[in-house]
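Please look through the structure below together with the explanation that follows, which moves from single residues to strands, cores and the whole protein.

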Amino acid sequence: QVNCGFQGYPCEQAQFGDSGVVGVQSININGAGNGWVSGNSGAELECQGLESCKATKISANYIWKGECSGDFGCQEAVITVANPAPNMIWQCNGLMACLGMELQIVVGDPSLQCPEGQVGSGIPTIIETIEFNGQQSAQNAKVSIFNYGCDPVVIKNLECMGMTSCPNTQFSVVGNVVVESCDLRGLQNLNALPAALQQCVSGGLPIQLQPLPITPVLPTQLPPVVQTLPPVQPSSTLATVAPVSTSSTTATSSTVAPVTPAVTAGAPTLLVLPPGSNKVLNCNGVAAVCTGQTIAITPENNFVLDCSSLSGCAGTTLNLNVGLDPHTQLPVDRIDSLKFVGYNSGSGATVYLNNVLVQNGNPLARMVKLDNVRCENPGSCNNLQIIAGVGIDVTSTNLDCSGDHSCVGCTVTQGAVTASCDPTAVATQWNQWA
């Protein structure tokens, strides 16, 4: 038996290496201590080695992160997460890391299910991401979300990050659960998905099983916000999604223009991208929609750049001017992924991340987190530049340079600091910022 966080003391971290707890049938992790969670961020469960938590039975209460990053790390494990800490992250990152795993996330008390018609506190339980990133990482796995409370559970991102990540994976949802963004690529049994996922997979708006309270409560009349771009006149074709005026229709006391690349004067030809590109910018296909072009987007929350095809975004300049979500009119706080997963797909590309609300001094401004940058094939992110302005969190970004020579010359810049994305480089590493 393995226990962490009992007798009134919360567990902070339970970490297991190669074959660390193989077959152990009683692993208990309590991140809440003696039931007290104020000021406590929750526990961290890490199965980081080869077969580290294989065939185990784990009961975890109030954890903020669960990670199976070793090959076969959580194979055939049965893991129950009760009452996850706010913004919990769950990741299966290794080869067959969660093969045959049973993962149950339980919110509320099954014996005290929310009575019909009862209204909750208005504060949802937020799960930041559940993602499977590795070959066959979730093959034959069963993932279940149970919400027995009166407030909704909001999953901001649910993702199979590769075509072979989730073969025969089963998902089930019970209770009021909202899925904001999902990418279940390669999943074979789509018809068996619960309703909360079917519409999301098909590209529709995220489904809402019951009215979702917004927290924190924002004013019904939003203050005027300026999202102003200086004129952009590239010599290459300019793609736009949503009209962007060089002068705003409303005024605030202070206006700071987003950072944009220096360009050569010329008369651009406007290219209208498909509807929905503010949510997912799809740069795939034989038409090479994004290759070598300059694109400006006001993204929705959980925005995804998808460059999965050969050279799909090679030489592209992308300006992400993050402000209010064009769909909900609420402040954006998360960019889900910049996916450069095709050969040379992001080679020579430049991505500018501008937090417009922070730059304009808007009181609704939030820190915007860049969650994932994926460079999974040879040359995917060679000479890629990511330039982040104030109010963009790049220190906690998950960087995947798993492809052979996939991040040569890749850099991320914020202010006066430039760091290398290349795990083989001698220069300052991105993950050393945190």
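Thr316 counts as buried, because its relative accessibility is 5% and the cut-off for a buried residue is under 20%. The model in which this value was computed is a predicted one. Thr316 belongs to the loop between β21, residues 303–307, and β22, residues 317–322. If residues up to four places away in sequence are left out, the residues that Thr316 touches are Cys290, Thr291, Gly292, Gln293, Ile295, Ala349 and Thr350.

One of the strands just mentioned, β21, leads on to a set of paired strands. β21 pairs with β23 in the parallel sense, over five bridges, and in this pairing Asp306 has Lys339 in β23 as its bridge partner. β23 also runs parallel to strand β25, residues 368–375, to which six bridges join it; here Arg334 has Lys369 in β25 as its bridge partner. How far is strand β23 enclosed by the rest of the structure? Seven of the seven residues of this strand, which covers residues 334–340, are buried, so β23 is largely enclosed by the rest of the structure. As a general point, the side chains in a regular strand alternate between the two faces of the sheet.

Another strand to look at is β8, residues 88–92, in which Gln91 lies. Is Gln91 buried or exposed? With a relative accessibility of 10%, Gln91 counts as buried, because this value falls under the 20% cut-off. Once the neighbours within four places in sequence are set aside, Gln91 is in contact with Lys65, Gly66, Glu67, Cys68, Glu131 and Asn398. Of these partners, Lys65 stands 26 residues from Gln91 in sequence, while the C-alpha atoms of the two residues are 8.2 Å apart in space. Glu131 is another partner to examine, since the side chains of Gln91 and Glu131 make a polar contact at 2.9 Å.

The nonpolar cores come next. The largest nonpolar core has 49 residues, and those with the most contacts inside it are Ile29, Trp90 and Phe132. Apart from this core lies another one, of 35 residues, which includes Phe340, Ala349, Leu384 and Val394. Returning to Trp90, and leaving aside its neighbours within four places in sequence, one finds it in contact with Leu45, Ile63, Gly66, Cys68, Ile79, Val81, Met101, Leu103, Thr129, Ile130 and Glu131.

Aromatic rings can also be examined in pairs, and a pair of this kind is described by the distance of the centres and the angle of the planes. The structure holds two aromatic pairs. One of them is formed by Phe146 and Tyr148, whose ring centres are 6.1 Å apart and whose planes make an angle of 10°, and this pair is stacked. Phe146 counts as buried because its relative accessibility is 17%, and Tyr148 counts as buried because its relative accessibility is 16%.

Finally, one can step back to the whole protein, which has two helices and 30 strands. Of its 434 residues, 50% are buried. The protein exposes about 18,500 Å², and carbon and sulfur atoms supply 53% of this area. Among the contacts with a separation of 6 or more, 70% are between residues 24 or more positions apart. The contact between Gln91 and Lys65, which are 26 residues apart in sequence, gives the reader a pair with which to begin tracing such contacts.

Technical notes. Residues are numbered from 1 along each chain as its sequence is written. This is a predicted model: local features need pLDDT of at least 70, side-chain atom pairs count only at pLDDT 80 or more; totals for chains, interfaces and linings use all residues. Side-chain values use heavy atoms; hydrogens and water are left out. Helices (H or I, at least four residues) and strands (E, at least two) are DSSP runs, numbered from the N terminus. Buried means under 20% relative accessible area, exposed over 50%, partly exposed in between (1.4 Å probe, protein chains only). Contact means heavy atoms within 4.5 Å. A polar contact is a pair of N or O atoms within 3.5 Å; within protein, one must be able to donate a hydrogen and the other to accept it, and residues adjacent in sequence count only if both atoms are side-chain atoms. Rings of Phe, Tyr and Trp (its six-membered ring) pair if their centres lie within 6.5 Å; planes under 30 degrees apart count as stacked, over 60 as edge-to-face and the rest as tilted. Two strands pair if DSSP finds at least two bridges between them. A nonpolar core is a set of buried Ala, Val, Leu, Ile, Met, Phe, Trp, Tyr and Cys residues joined through side-chain atoms within 4.5 Å. Accessible areas come from the Shrake-Rupley method with a 1.4 Å probe; for residues, only the protein chains shown count as cover.
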